[in-house]
Amino acid sequence: MSEFIRICDVEKYYGQSNAVTKAVNRVSFTVNQGEFIGIMGASGSGKSTLLNMISTIDTVTAGHIYFEETDITEMNDDQLSDFRMNNLGFVFQDFNLLDTLTMEENITLAMSLHKEWSGKKNEIGKRCTEMMKTLGIEEIAGKFPYQVSGGQKQRCACARALVNDPKLILADEPTGALDSKSSRMLLDTFQKMNDQLHATILMVTHDAFSASYCKRILFLKDGEIFHEMIRGTKSRKEFLGEILDVLSLTGGDTSDVE
Ligand SMILES: Nc1ncnc2c1ncn2[C@@H]1O[C@H](COP(=O)(O)OP(=O)(O)O)[C@@H](O)[C@H]1O
Ligand SMILES: [Mg+2]
């Protein structure tokens with residue numbers, strides 16, 4: 001596996017001199033191509049802030065983030081929007097689907113913004129259908145978000161995130177608004193995206209069950225990485241047991257949401 005993303009001494013501070021919050025404090029790690037990494041930690045530990053800096057939604061206070069050797073913290077706004085468009089796929093807790101568009105239209109909209117698909121109406125339709133089939137939502141293609149379940153909305157959001165073949169998928173608490181059955185389906189989808197489509201995934205979660213699907217987990221506390229776990233050849237169940245042990249030993253609070 002080759003090095004893909006390098007996060008070097010990244011910091012994010014909020015507030016002024018006498019009331020500074022160190023949301024992320026000198027965090028460094030690398031991500032290899034094809035990894036499925038979880039970022040865990042209690043509420044307020046800096047997970048979203050870290051993910052948002054890697055996804056360039058938020059700027060760093062200090063430090064550097066290299067994406068295939070390019071320092072994305074040095075890019076201007078135009079470069080950033082191209083970078084996001086060409087490389088990233090996002091899945092958020094609250095789905096972020098457009099209510100006035102059908103499932104299918106939500107996905108094809110993401111494609112029509114991408115120059116690779118410009119003027120290729122038939123190809124867009126074909127690719128969208130293929131993606132909906134992969135995620136098991138082809139039957140609800142014509143439905144609007146308010147007509148489908150949370151799990152179906154989230155799988156639509158995944159289809160939208162994946163349809164342009166992003167190099168990196170970023171997910172912030174993607175199972176946060178789902179019941180356990182839908183969570184499991186979504187996590188199985190992520191696993192499939194990682195195993196079969198070789199997508200690199202970075203997923204923020206405070207939920208041990210979700211994290212047990214990852215190949216590696218970084219634990220954040222007060223903006224710093226304090227522990228790392230690697231799944232290796234362990235079964236998901238064994239890994240889940242180990243994650244729960246770490247959380248109980250460190251007083252990790254996973255009870256705040258869900
Ligand atoms: N826009 C902001 N302004 C001020 N403080 C913020 C802002 N965003 C996050 N924080 C603070 O940074 C810390 C980390 O927040 P966050 O990254 O959202 O944590 P998590 O996602 O782990 O719950 C918290 O103390 C939070 O209050
Ligand atoms: Mg968060």
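**View 1. Helix H1 and the shell around ligand 1.** In this predicted model, H1 gives the most to the shell around ligand 1, with 3 residues. Two elements give two or more residues to that shell: S2 and helix H1, which spans 47-54. If you want to walk around the ligand yourself, look for Tyr14, Thr21, Ala23, Ala42, Ser43, Gly44, Ser45, Gly46, Lys47, Ser48 and Thr49. Sorted by class, that makes 7 polar, 3 nonpolar and 1 charged residues.

**View 2. Polar contacts to ligand 1.** Zoom in on the oxygen atoms of ligand 1 here. Thr49 puts a polar side-chain atom 2.5 Å from a ligand oxygen. For Gly44 the backbone does the job, with a polar atom 2.7 Å from an oxygen atom of ligand 1. Ser48 joins in through its side chain, where an N or O atom sits 2.9 Å from an oxygen of the ligand. How much of ligand 1 does the protein bury? Taken alone, the ligand exposes 560 Å², and the protein buries 57% of that.

**View 3. The hairpin of S1 and S2.** Strand S1 (residues 3-14) pairs with strand S2 (residues 21-32) in the antiparallel sense, and 8 bridges hold the count for this pairing. To get your bearings, pick out Tyr13, whose bridge partner in S2 is Lys22. Between the two strands of the hairpin there are 6 residues, and Gly15 takes a positive phi near 90°.

**View 4. S1 meets S4.** S1 also pairs with strand S4, residues 62-67. These two run antiparallel as well, joined by 5 bridges. A handy landmark is Ile5, which has Phe67 as its bridge partner in S4. Keep Phe67 in mind for the next view.

**View 5. Phe67, Phe83 and their aromatic company.** The structure holds 7 aromatic pairs, and this close-up picks one of them. The ring planes of Phe67 and Phe83 stand at 90° with centres 4.8 Å apart, so the pair counts as edge-to-face. What does this pair link? It ties together distant parts of the chain, with Phe67 in strand S4 and Phe83 in helix H2 (residues 77-87), 16 residues apart. Are these two residues buried or exposed? Phe67 and Phe83 are both buried. Add Phe4 to the picture and you have one aromatic cluster, made up of Phe4, Phe67 and Phe83.

Key
Residues numbered from 1 in each chain as written. Chains lettered and ligands numbered in written order. Predicted model: local features only at pLDDT ≥ 70, side-chain atom pairs only at ≥ 80, totals over all residues. Heavy atoms only, no water. Pairing = 2+ DSSP bridges. Helix = DSSP H or I, 4+ residues; strand = E, 2+ residues; numbered from the N terminus. Phe/Tyr/Trp six-rings, centres within 6.5 Å; stacked < 30°, edge-to-face > 60°. Buried < 20%, exposed > 50% of the residue type's maximum accessible area, 1.4 Å probe, protein only. Near = heavy atom within 4 Å. Polar contact = N/O pair within 3.5 Å; in protein donor to acceptor, adjacent residues only side chain to side chain. Areas by Shrake-Rupley, 256 points an atom, 1.4 Å probe, with all protein chains shown as cover. Nonpolar A, V, L, I, M, F, W, Y, C, P; charged D, E, K, R; others polar.
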